[in-house]
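Welcome, and please open your viewer for a short guided tour. We will go from one selection to the next and say what is there.

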Amino acid sequence: MAQVIMPKMGDGMTEGTILRWLKKEGDTVEIGDIIAEVETDKASVELPAEASGKLANILAKEGDTVPVGTVIAEILGEGEQPQVTTPAEPAVAAEEPAAPRGEIAVSEPEVSPTEAPARERVKASPLARRIAEEAGIDLAMVRGTGPGGRIVERDVQQFIAARQAAPRVPVAEPSPAVSPPEAAALTGGEPLSRMRRLIAERTTLTKQTVPHFYVTMDIDMTEVMALRERLNAALPEDAPKISVNDLVTKACALALARYPQVNALYQHDRVYPSSEVHIGIMVAVPGGLLAPVLRHCERKTLRQIAAETRQLVEKARSGRLASDEYTGATFSISNLGMYGVDEFIAIINPPAVAILAVGAVQKQPVALDDDTVAVRPRMKVTLSADHRALDGAVAAEFLRELKRILENPYTMIE
């Protein structure tokens with residue numbers, strides 16, 4: 001007999017919603033068969049069977065939101081009988097009050113007597129709630145098409161699309177009784193979305209526990225900008241163009257392969273240099289930040305990096321990243337150059353030991369070796385490094401190698 005539990009699919013996940021059972025009780029399943037679809041606060045993912053047998057004792061219905069670790073079904077072998085009569089206690093305590101004995105713990109408490117506002121009673125999946133919060137949508141306005149009328153991701157996305165397509169109508173203005181701005185200010189502002197809260201917790205912990213130091217270098221981008229122009233001119237019109245960030249990513253992959261101390265993880269007082277380069281690309285999404293991971297960058301061509309980065313960014317912005325697509329980074333890049341930011345520092349994304357902050361490419365006057373002055377495109381990069389694992393000299397050598405590659409970009413072309 002094997003228990004099917006609500007899995008933990010990524011840092012910060014405490015609960016998930018059963019969107020749909022793809023197998024019913026009595027069905028025979030094999031290891032790896034997709035038996036259900038689960039929605040977290042970041043994405044909708046498929047739940048594979050981890051044992052072969054007969055699916056039985058489905059304890060969490062479609063639409064139920066249960067904490068990570070909760071038994072949601074069983075897979076029985078020949079002659080075996082169900083063992084679980086009520087859902088197991090979750091391994092991680094949920095934020096919501098415990099459910100009555102004998103019932104599945106769901107994310108929304110039952111009707112509260114007095115103070116709970118109407119939106120608390122709206123049944124919605126975690127991902128739908130997050131998207132609605134980030135878009136400033138009252139879920140009471142959204143029609144749910146999920147199990148039992150629960151609002152799921154597609155309902156909110158359709159509502160957003162319809163709202164954007166519809167012409168602005170004056171009557172649609174909310175009444176002051178619903179959301180008076182003054183009242184919100186008096187009660188301390190809007191609550192953080194789940195993603196915002198997770199970012200707040202992680203960055204606070206990181207800044208408090210990881211001793212950061214920073215090294216900045218100025219890079220001449222004359223040659224790399226010329227290479228980018230030539231490469232993009234040679235691409236078909238419908239092909240994804242190569243961006244500055246793609247070139248920086250490729251250059252980082254080459255430099256990290258030569259400096260594995262920078263491409264490392266720090267855990268439990270040990271440093272683990274990695275020969276595989278998995279770069280997290282920081283992506284701004286409504287209400288927060290995600291870092292989809294471009295795996296094995298050391299093996300990828302520039303065009304592969306460009307194409308895969310776009311796919312990951314699109315999935316991040318639509319909330320469809322799988323858990324293995326935003327975990328496991330050995331290094332990260334945060335680029336604010338497209339906003340005109342010339343220089344900044346970034347917070348390390350543990351357990352990685354370093355992150356690179358990339359500024360804008362800007363024309364600047366430069367003193368040349370013959371004492372003349374010329375205007376050249378320049379870019380500042382700042383490496384944030386964990387002093388427990390790295391020293392300034394290694395960080396500087398890595399940046400010097402990165403600078404050498406970007407100033408001689410044809411070495412990036414295989």
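Start by selecting strand 19, residues 373-386: 10 of its 14 residues are buried, so this strand is largely enclosed by the rest of the structure. Keep in mind as you look around that this is a predicted model.

Now bring in the strands that pair with strand 19. Add strand 18, residues 362-367, which runs antiparallel to strand 19 and pairs with it over 6 bridges. Within this pairing, look for Gln362, which stands opposite Arg378 of strand 19. Strands 18 and 19 form a hairpin with 5 residues between them. Click on Asp371 in the turn, where phi is positive, at about 70°.

Next, select strand 9, residues 212-220. Its pairing with strand 19 is antiparallel and spans 9 bridges. Here Thr216 sits opposite Thr382 of strand 19.

Then show strand 17, residues 354-358, another antiparallel partner of strand 19, with 5 bridges. Ala354 has Ala385 of strand 19 as its bridge partner.

For the last stop, leave the strands and select helix 6 (residues 244-258) together with helix 7 (residues 302-317). Their axes come within 9 Å and cross at roughly 120°, which makes helix 6 oblique to helix 7. The crossing is right-handed. To see the contact, show Asp246, Leu247, Thr249 and Lys250 on helix 6, and Leu302, Ile305, Ala306, Thr309 and Arg310 on helix 7. Colour these by class and you will find 4 nonpolar, 2 polar and 3 charged residues.

Methods. Residues numbered from 1 in each chain as written. Predicted model: local features only at pLDDT ≥ 70, side-chain atom pairs only at ≥ 80, totals over all residues. Heavy atoms only, no water. Axes fitted to C-alpha atoms, helices over the stretch in contact; angles between N-to-C directions. Helix = DSSP H or I, 4+ residues; strand = E, 2+ residues; numbered from the N terminus. Parallel < 35°, antiparallel > 145°, perpendicular 65-115°, else oblique. Left-handed = near helix turned anticlockwise from the far one by under 90°. Contact = heavy atoms within 4.5 Å. Nonpolar A, V, L, I, M, F, W, Y, C, P; charged D, E, K, R; others polar. Buried < 20%, exposed > 50% of the residue type's maximum accessible area, 1.4 Å probe, protein only. Pairing = 2+ DSSP bridges.
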